[in-house]
Amino acid sequence: MSKWAGLRGSLAITFTSRIFGFVSLVVLGVAGYLLLHEQQVLEKELQNRGLLTATHLAEQSLDPILREDDYALFKLVQVLRNTHGRNLPGEEKISYAMVLDPRGQALAHTDPGQVRATLTDARTLEVLARPHPSVASVT
């Protein structure tokens, strides 16, 4: 009888440990999937926020461009740089913003030294080559 009790205890421990291992793997798999999915959602939301900000800058800069008001353009890009006066922890600030003319010359830039500089990098030339001005996602 004692041999049967020992075997039954051994089977219970083996069965319990296998169930525990399986449940642990399932929990780790679900947690990994949720973290990956959350990262993708947050990256997409950040990209949408950037596109919305760029669209807003394009709309707001139209009037100062037509009036040739360089100071108003400068203030628009500075407001973006300063996150509208907020300084919240964890709030990402915009690194730089610029308004370009069709030739690639910076009409306004968050770095005042870059104003009136002509940008000739590959990404700028690609955007300027489009027939219609637009805001597009750049990865």
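**A tour from the core outward**

Start by selecting Leu57, Leu73, Val77, Leu80, Ala97, Val99, Leu107 and Ala108: these 8 residues form the largest nonpolar core of this predicted model. Now colour helix 2 (70-81) and strand 2 (106-109), the elements that each give two or more residues to this core. Helix 2 supplies the largest share, 3 residues.

Next, centre the view on Leu73. Leaving aside residues up to four places away in sequence, Leu73 touches Ser61, Pro64, Ile65, Val99, Leu107 and Ala108.

Zoom out to the whole chain. The chain has 3 helices and 2 strands, and their order along the sequence is α-α-β-β-α. Of its 139 residues, 15% count as buried. Take the contacts between residues at least 6 apart in sequence: 38% of these join residues at least 24 apart. Switch on the surface: about 11,100 Å² is exposed, with 63% of that area supplied by carbon and sulfur atoms.

Two backbone positions remain to be selected. For context, most residues other than glycine have a negative phi.

Select Glu68, in the loop between helix 1 (2-66) and helix 2. The phi of Glu68 is positive, near 55 degrees. Is Glu68 buried or exposed? Glu68 is exposed, at a relative accessible area of 68%.

Finally, go to Arg116, in the loop between strand 2 and helix 3 (122-128). Arg116 is another residue other than glycine with a positive phi, here near 75 degrees. Its relative accessibility is 39%, and Arg116 counts as partly exposed.

Notes: Residues numbered from 1 in each chain as written. Predicted model: local features only at pLDDT ≥ 70, side-chain atom pairs only at ≥ 80, totals over all residues. Heavy atoms only, no water. Helix = DSSP H or I, 4+ residues; strand = E, 2+ residues; numbered from the N terminus. Buried < 20%, exposed > 50% of the residue type's maximum accessible area, 1.4 Å probe, protein only. Contact = heavy atoms within 4.5 Å. Areas by Shrake-Rupley, 256 points an atom, 1.4 Å probe, with all protein chains shown as cover. Core = buried A, V, L, I, M, F, W, Y, C linked by side-chain atoms within 4.5 Å.
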